[in-house]
Amino acid sequence: GVFDDIVRSDSSLRRFLHGLPGVDQVGCEARAAGLGTRSIKTTAKAYAIDLAIRMVDLTTLEGQDTHGKVRALASKAVRPDPSDPTCPSTAAVCVYGDLVATAKEALRGSSVKVAAVATAFPSGRAPMEVKIIDTKDAVAAGADEIDMVLDRGAFLAGRYMEVFEEIVQIKEACAREDGQSAHLKVILETGELQ
């Protein structure tokens, strides 16, 4: 495809990535300050709030997560404001892979998707075989989306092809038996990547 030349070697990928323009922090801050002073009319404000709710992934990623906690989170995702039936559902519930089946069952019949963190979340420090199994297990349990941890150590060390190849392999591991594929989202820890 169009990126074949870019990903043919580590040096070509490095040249491409280092050639991308940086973020104009001053411009971003000025734009955000300008937006903060604008007044939004009531109907637009209500639309914006509803849109924001529909884009949320309600997440629980604690070591002491339970099936009951996931079911409660799923219920909140379907009805974020139980007192307001017009309040839309959230986009998804995000859980560890071993709780995907519980979330899927609790969300059956709703529009809310199930996302699962994978690839040895949160550190990403595991052999590739473990990351692939982690992903395949979550997809087999019914995850609609895989939230992949980027190997920040490799990225920060400039091993871009290693990171690229890992993303390719995880994307392949997102395939389901029905020929479809779970959506892959790569988590960028921008605070660490600077």
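Helices here are DSSP runs of H or I at least four residues in length, numbered from the N terminus. By that convention, Phe16 belongs to helix H1, which covers residues 10-19. Please keep in mind throughout that this is a predicted model.

Let me stay with Phe16 for a moment. Its relative accessibility is 32%, so the residue counts as partly exposed. Together with Val2, Phe3 and Leu20, Phe16 makes a nonpolar surface patch of about 410 Å².

I turn now from the surface to the strands, and to E3 in particular. Strand E3 spans residues 113-118, and five of its six residues are buried, so the strand is largely enclosed by the rest of the structure. Which strands does E3 pair with? One is E2, residues 92-96, which runs parallel to E3 and is joined to it by five bridges. Within this pairing, Val93 has Val114 of E3 as its bridge partner. Between the two strands the chain passes through helix H5, residues 100-107, in a β-α-β crossover that is right-handed.

Strand E3 is also joined to E4, residues 145-149, by four bridges, and these two strands run parallel as well. Here Ala118 is bridged to Met148 of E4. The connection from E3 to E4 leads through helix H6, residues 128-140, and this β-α-β crossover is likewise right-handed.

Next, the cysteines. How many disulfides does a search of the whole structure find? The result is zero. As a reminder, a disulfide is a covalent bond between the sulfur atoms of two cysteines. For Cys94, the closest cysteine sulfur is that of Cys174, and it lies 13 Å away, which is too far for a bond. The cut-off applied is 2.5 Å between the sulfur atoms. Cys94 has a relative accessible area of 3% and is therefore buried. Cys174, at 0% relative accessibility, is buried too.

I close with the charged side chains. In general, side chains of opposite charge can pair when their charged atoms come close. The structure contains eleven salt bridges, and I shall discuss some of them.

In one of them, Lys69 meets Asp65, with an N to O distance of 3.6 Å. Are these two residues buried or partly exposed? Lys69, at 31% relative accessibility, is partly exposed, whereas Asp65, with a relative accessible area of 14%, is buried.

Another case centres on Lys185, a partly exposed residue with a relative accessible area of 33%. Lys185 forms a salt bridge with Glu145, and the closest N and O atoms are 3.3 Å apart. This pair links distant parts of the chain, with Lys185 in strand E5, residues 183-187, and Glu145 in strand E4, 40 residues apart. Glu145 has 15% relative accessibility and so counts as buried, the threshold being under 20%.

Lys185 also forms a salt bridge with Asp147, where the closest N and O atoms are 3.7 Å apart. Again the partners come from strands E5 and E4, this time 38 residues apart. Asp147 is buried, at a relative accessible area of 5%. Which residues do salt bridges with shared partners join into one network? They are Asp57, Glu145, Asp147 and Lys185.

Strand E4 thus appears twice in this account, because it is bridged to E3 and holds Glu145, a residue that is buried at 15% relative accessibility. Thank you for your attention.

How values were computed
Residues numbered from 1 in each chain as written. Predicted model: local features only at pLDDT ≥ 70, side-chain atom pairs only at ≥ 80, totals over all residues. Heavy atoms only, no water. Buried < 20%, exposed > 50% of the residue type's maximum accessible area, 1.4 Å probe, protein only. Pairing = 2+ DSSP bridges. Right-handed = clockwise from strand over helix to strand, strands pointing away. Patch = residues over 30% accessible without salt bridge, like charges linked within 9 Å, V, L, I, M, F, W, Y side chains within 5 Å. Areas by Shrake-Rupley, 256 points an atom, 1.4 Å probe, with all protein chains shown as cover. Salt bridge = Lys/Arg side-chain N within 4 Å of Asp/Glu carboxyl O.
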